[in-house]
Structures are given as C-alpha cells and as structure tokens.
Amino acid sequence: MKKIEIGDFVVGGDRLTLIAGPCALESLELGLEVGRKTQALCKKLGLNYIFKASYDKANRTSISSPRGPGLEKGLQWLARIKSELGAPILTDIHESWQATPVAEVADVLQIPAFLCRQTDLLVAAAKTERAVNVKKAQFLSAWDMKSVLGKLTEAGNDRVMLCERGTTMGYNQLVVDMRSLVIMRSLGAPVVFDATHSVQMPGGMGNSSGGDRRFALPLARAAVGIGVDALFLEVHPQPEKAMSDGPNMVPLDLLEKFLEPVCAIDRLVRSGIGPVSLDWCER
C-alpha cells in the first residue's frame with residue numbers, strides 16, 4: 001500500500017493519523033483553540049495530527065445557511081493556524097480554480113463527497129502535487145472509488161487517500177458498510193474513516209442537517225479495529241452553537257475520552273494482528 005508523506009510524518013505508516021478540527025472556520029480564535037488542544041492530545045496519545053477546517057461550506061441545506069469566511073480570509077486564517085501549530089493543514093476545494101491558491105497554504109486538498117466524480121476538479125487537485133483526500137460519495141460503492149483514484153493517478157498524483165463517510169440509506173439516514181474500508185484499502189491507497197460525517201442526518205432538521213454523535217465512537221472503534229490509516233473527526237468546544245454539523249461533532253472536552261479507547265484498539269491492531277485484508281482465506 002502507498003505511504004504518503006505529509007509534513008514530517010507518514011500516513012499509512014506505523015502510527016494512526018488524526019484529521020480533526022471544526023467543521024467551518026468560524027473564527028481564527030476558534031481554529032487556534034481547537035487546533036492547540038487537539039494537537040497536545042495527539043502528542044500525548046502518540047498520534048500524527050492534521051488540522052482541518054473549511055473556509056467555505058458550499059454544500060448547505062439552505063441558501064441562507066452560513067458558509068464561513070470565504071477563500072481569501074479563510075486562507076489567511078489557515079496560514080496563521082499552520083504557522084502557530086506547525087501542523088499540516090487540510091481543507092476542501094469545490095471548484096477547479098480554487099486548487100492552485102488553496103495549495104499555496106494547505107498540505108492536503110480535500111474533495112467533497114458529492115464532487116468526487118468531477119473529473120476537472122480531481123485533475124486540478126492532482127496537478128498541485130499536494131496530497132489529496134477524496135471522500136467517497138454517499139451514492140457510490142467502495143469499488144467505484146477505483147475510477148476516482150485512477151483519475152488522480154493518471155493526472156500525475158499518487159499521493160491520494162480515500163475516505164469513507166457513510167452511504168445514503170434514504171430518509172435522511174446514512175449507513176456505514178465496514179466492507180468499504182477493506183475494499184478501498186485493497187486499491188492501494190491509505191484509507192480514512194470520517195466518524196462524524198458518518199453519523200450525520202443530511203437535511204434531517206428541515207433547513208439544516210441533523211446527526212447523532214452517540215454513534216461516532218462505536219463506528220470509530222469498529223473502523224480502527226478493521227485497520228484504517230487515519231481517523232477524521234469534526235471537533236468543537238460548543239457543538240450546539242457551531243455554524244454547521246453541530247449534532248454530529250465531538251465536543252472538544254470529550255475528545256480525550258473519545259480517543260483513548262480508539263488508540264487502545266489501534267495499538268492492538270498494529271502490534272501484530274494487522275489490518276483486515278481480502279486475502280485472508282486464500283490457501
């Protein structure tokens with residue numbers, strides 16, 4: 001499986017990577033607060049850390065929903081957070097023209113789930129030579145991500161991670177098929193599990209999305225037990241007041257309680273059991 005260097009560590013190596021931060025960049029101060037506390041916790045638990053936040057939440061349920069500071073101010077805030085933390089930065093792009101300016105700040109460009117089949121967007125991200133995290137669309141099967149991965153590699157970039165974030169079940173519900181983690185990892189790319197978006201209820205509150213954070217930890221434990229390379233979490237000091245995705249976000253003061261059992265399972269898997277693969281039954 002491909003290992004990807006990001007900052008001063010490797011995703012797909014011998015340590016679990018945590019990709020975590022607020023859903024949206026609500027303020028520079030919020031980003032720094034979440035980043036500092038999460039980074040300190042990662043050092044304590046022996047995790048690699050990538051800070052994540054979106055400068056523009058372009059995919060909202062309502063046209064009146066807040067979207068964040070926008071590209072220019074958002075990149076300024078992300079650059080400041082990157083400088084203060086000394087940590088790699090991940091953020092989304094939604095249109096092809098955004099890839100180049102965002103790559104000047106971000107270490108990882110993220111392709112949102114609904115856009116993962118957009119060829120021009122994938123090619124633009126690939127050409128920046130930055131690492132790319134692609135979220136599997138809620139309407140795609142795991143094996144469909146082979147074509148998505150192929151677009152990026154054929155465009156000249158093999159620094160790709162594939163991310164599971166739930167599959168549409170209908171009526172505002174998502175379901176996680178844990179087989180997808182094994183299937184996507186068999187494609188040769190590091191696999192990320194997005195535990196908080198997987199418990200989202202898209203449009204579930206009428207003019208906004210709902211969610212049920214209670215199930216984020218059980219799913220994260222299951223994913224790490226299978227063997228993933230990175231865990232993706234949205235974290236906020238006051239989720240009930242968050243600009244977006246509050247119902248499924250992990251409260252910052254509960255993050256250590258969330259990560260401790262996850263890390264224990266990860267250590268067990270990495271100590272010799274190893275991740276699950278599809279060839280276990282071959283003779």
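The exercises below work through strands, an aromatic pair, a pocket and some backbone angles in a predicted model.

**Exercise 1. Follow the pairing around strand β3.**

Task: Find which strands pair with β3, and in which sense.

Solution.
- Step 1. Begin with the strand itself: β3 covers residues 17-21, and five of its five residues are buried.
- Step 2. Sort these residues by side. Thr17, Ile19 and Gly21 lie on one side of β3, with Leu18 and Ala20 on the other. In general, side chains of a regular strand alternate between the two faces of the sheet.
- Step 3. Look for one partner. Four bridges connect β3 with β4 in the parallel sense, and Ile19 is found opposite Ile50 in β4.
- Step 4. Trace the chain between these two strands. The path goes from β3 through α1 to β4, a right-handed β-α-β crossover.
- Step 5. Look for another partner. β14 runs parallel to β3 and is joined to it by five bridges; here Thr17 has Ala230 as its bridge partner.

**Exercise 2. Place Gly46.**

Task: Where is Gly46 found, and is Gly46 buried or partly exposed?

Solution.
- Step 1. Gly46 belongs to the loop between α1 (28-45) and β4 (48-52).
- Step 2. The relative accessibility of Gly46 is 28%. Buried would need a value under 20%, so Gly46 counts as partly exposed.
- Step 3. Compare sequence and space: Gly46 and Thr17 are separated by 29 residues in sequence and by 9.2 Å from C-alpha to C-alpha.

**Exercise 3. Continue from β4 to β7.**

Task: Work out how β4, β5, β6 and β7 are joined.

Solution.
- Step 1. Check how covered β4 is. Five of the five residues of β4 are buried, so the rest of the structure largely encloses this strand. On one side are Asn48, Ile50 and Lys52, and on the other Tyr49 and Phe51.
- Step 2. Go from β4 to β5. The two run parallel and share two bridges, with Ile89 in β5 as the bridge partner of Phe51.
- Step 3. Go from β5 (residues 89-92) to β6. Three bridges pair them in the parallel sense, and Leu90 is opposite Val108 in β6.
- Step 4. Examine β6 (residues 108-111). Val108 and Gln110 point one way, Leu109 and Ile111 the other way, and all are buried.
- Step 5. Go from β6 to β7 (residues 131-135). These strands are parallel, joined by four bridges, and Leu109 is opposite Val132 in β7.
- Step 6. Add the helix. Together with α4 (residues 119-127), β6 and β7 form a right-handed β-α-β unit.

**Exercise 4. Classify the aromatic pair.**

Task: Why is the pair of Phe114 and Phe139 called stacked?

Solution.
- Step 1. The structure has one aromatic pair.
- Step 2. Its ring centres, in Phe114 and Phe139, are 6.3 Å apart, and the planes meet at 20°. Planes under 30 degrees apart count as stacked, so this pair is stacked.
- Step 3. Locate the two rings. Phe114 is in the loop between β6 and α4, and Phe139, 25 residues away, is in the loop between β7 and α5 (145-154).
- Step 4. Check their exposure. Phe114 has a relative accessible area of 46% and is partly exposed; Phe139, at 49%, is also partly exposed.
- Step 5. Note another ring contact: Lys135 is placed over the face of Phe232, 3.9 Å from the ring centre.

**Exercise 5. Describe the largest pocket and two positive phi angles.**

Task: Which residues are closest to the centre of the largest pocket, and what phi does Asp245 have?

Solution.
- Step 1. The volume of the largest pocket is about 730 Å³.
- Step 2. The lining has 41 residues, and those closest to the centre are Lys57, Asn59, Gln200, Ser209 and Asp245.
- Step 3. Elements giving two or more residues to this lining are β9 (167-170), β10 (173-175) and β14 (230-236).
- Step 4. Turn to the backbone. Most residues other than glycine have a negative phi. Asp245, not a glycine, has a positive phi of about 65°. Asp245 sits in the loop between β14 and β15 (250-251) and is buried at 11% relative accessibility.
- Step 5. Asn172 also has a positive phi of about 65° without being a glycine. Asn172 is in the loop between β9 and β10 and, at 37% relative accessibility, is partly exposed.

Note on methods
Residues are numbered from 1 along each chain as its sequence is written. This is a predicted model: local features need pLDDT of at least 70, side-chain atom pairs count only at pLDDT 80 or more; totals for chains, interfaces and linings use all residues. Side-chain values use heavy atoms; hydrogens and water are left out. Buried means under 20% relative accessible area, exposed over 50%, partly exposed in between (1.4 Å probe, protein chains only). Two strands pair if DSSP finds at least two bridges between them. A crossover is right-handed if, with the strands pointing away from the viewer, the path from the first strand over the helix to the second runs clockwise. Rings of Phe, Tyr and Trp (its six-membered ring) pair if their centres lie within 6.5 Å; planes under 30 degrees apart count as stacked, over 60 as edge-to-face and the rest as tilted. A charge sits over a ring if NZ of Lys or CZ of Arg is within 6 Å of the ring centre and within 35 degrees of the ring normal. On a 1 Å grid over the protein atoms alone, a cavity is a set of points where a 1.4 Å probe fits but cannot get out, and a pocket is an open set with protein on both sides within 12 Å along at least five of seven lines; lining residues have an atom within 4 Å of a point. Grid points are joined across faces, edges and corners, and a volume is the space filled by probe spheres set on the points.
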